[in-house]
Amino acid sequence: MRIGIVCYPTFGGSGVLATELGKALADKGHSVHFITYQQPVRLNVFSANIFYHEVRVPTYPLFDYPPYEVALSSTMVDVILNHDLDLLHVHYAIPHASAAYMAKKIVEKVGRKIPVITTLHGTDITLVGRDKTYAPVVTFSINESDSITAVSDNLRKETYNSFNITKEIEVIYNFVDVARFSKKPIDAFRKVIAPNGEKILVHASNFRKVKRVQDVIKIFAEVRKKMPAKLLMVGDGPERPVIEDLAKEHKLLEDVRFLGKQEQMEEILVVSDLFLLPSDYESFGLAALEAMAASMPVISTNAGGLPEINIHGETGFLANVGDVDTMSKCAIELLSDEVVLARFKQNAFEQAQRFDIQNIIPVYEKLYSKYCRMDCQ
Ligand code: GMT
């Protein structure tokens, strides 16, 4: 099949998932056309089946806000017609679903049909999409998609609760390439981070308010009172100055390392012991799943779709949003008992295998084949 993938090219989960999906489809022989404003960060391989089409947004002195959505629709039209796409798969409703609707209508005028599949990822529904500035367009463009998928059952329900959706939303869970995340750890790397055998805790996100990164520091401060430990903070974002101050306040600067945005997450995760994700909301929590694939148990909140991935008392622990006490106690208990920790690591790994890329890609292929022309299978 010839598949157009539209996504945000950044480190955000939706862009990561869309890029990994495209790479896997290309490996299976499909032609994959990424349409976005920048090379996606995880698009770091060469494949004869992968094409990248940059959306250029010309500026003009009249525009305070250059019209990205218009440029995106026009690029979609160009790629659909010139590369004979069989379907468009857009990730994140805003503005991708409405731009795809526009492109679909334009190509219809020249007798070309293009099915549009929209995958909802989370904040496009729960934060941004709900804003009344966007809601009518989001509702319309989701309903106009030929097929709608959500990355967890929770997100599916949230979508029905927040918008007047008249179509079926299929849940297709996010996935992880378990083989990639379960490579043998590089001991030297662990020694650099934790030279005295300290336990290593990790958090990875875009450090936005929704991630409650201050809770990560507070949990780590409690752990650190009980045992030698190191915390790796991966990513970057608006809350970083706040948490740097908090780490300073707790006199933790020696033990907390800010690693910035990282492409080779697997190398960090495989040497680490526990992943912290105390978010206000996660539709899924892809970062936690990647950690589990590297055999890391997860301490998270029970918000959104997290309980669908992190199984309380098996692969980690869940607590209410903001319940730093419970999360700290669970982390300390887990890290203090090597036998229990080893069991949780194994459980986390086994749970990640259920979401392995090999199990999910065929589900997308089956969905695509329902919508694309007879000759594109
Ligand atoms: O978490 C973010 O702020 C980024 C956001 C995105 O759209 O890239 O992530 C969302 O999509 C991911 C991939 O499906 C999910 O794993 C994240 O849980 C979800 N984030 C939220 O719901 C807050």
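This is a short tour of a predicted model, going from the ligand outward to two cysteines.

**The ligand and its pocket**

Start by selecting the ligand. It sits in the largest pocket. Next, show the residues around the ligand: there are 18 of them. Ser14, His121, Asn174, Lys211 and Glu282 are the closest. Colour this shell by residue class, and the split is 5 nonpolar, 10 polar and 3 charged.

**Backbone contacts**

Now display the backbone atoms and look at the oxygen atoms of the ligand. Which residue to pick here? Begin with glycine 13, where a polar backbone atom is 2.9 Å from a ligand oxygen. Move to serine 283, which also places a polar backbone atom 2.9 Å from an oxygen of the ligand. Then select leucine 286: one of its backbone N or O atoms lies 2.9 Å from a ligand oxygen. With these contacts on screen, turn on the ligand surface. On its own the ligand exposes 480 Å², and the protein buries 96% of that area.

**The cysteines**

Leave the ligand and select cysteine 7. Its relative accessibility is 1%, so cysteine 7 counts as buried, the cut-off being under 20%. Go on to cysteine 330. Its relative accessibility is 14%, and because that value is also under 20%, cysteine 330 counts as buried.

Finally, how many disulfides are there to display? The count is 0, with a disulfide taken as a pair of cysteine sulfur atoms within 2.5 Å.

How values were computed. Residues are numbered from 1 along each chain as its sequence is written. This is a predicted model: local features need pLDDT of at least 70, side-chain atom pairs count only at pLDDT 80 or more; totals for chains, interfaces and linings use all residues. Side-chain values use heavy atoms; hydrogens and water are left out. Buried means under 20% relative accessible area, exposed over 50%, partly exposed in between (1.4 Å probe, protein chains only). A residue is near a molecule or strand if one of its heavy atoms lies within 4 Å of it. A polar contact is a pair of N or O atoms within 3.5 Å; within protein, one must be able to donate a hydrogen and the other to accept it, and residues adjacent in sequence count only if both atoms are side-chain atoms. Accessible areas come from the Shrake-Rupley method with a 1.4 Å probe; for residues, only the protein chains shown count as cover. On a 1 Å grid over the protein atoms alone, a cavity is a set of points where a 1.4 Å probe fits but cannot get out, and a pocket is an open set with protein on both sides within 12 Å along at least five of seven lines; lining residues have an atom within 4 Å of a point. A molecule sits in a cavity or pocket if more than half of its atoms lie within 2 Å of its grid points. Ala, Val, Leu, Ile, Met, Phe, Trp, Tyr, Cys and Pro count as nonpolar, Asp, Glu, Lys and Arg as charged, and the others, Gly among them, as polar.
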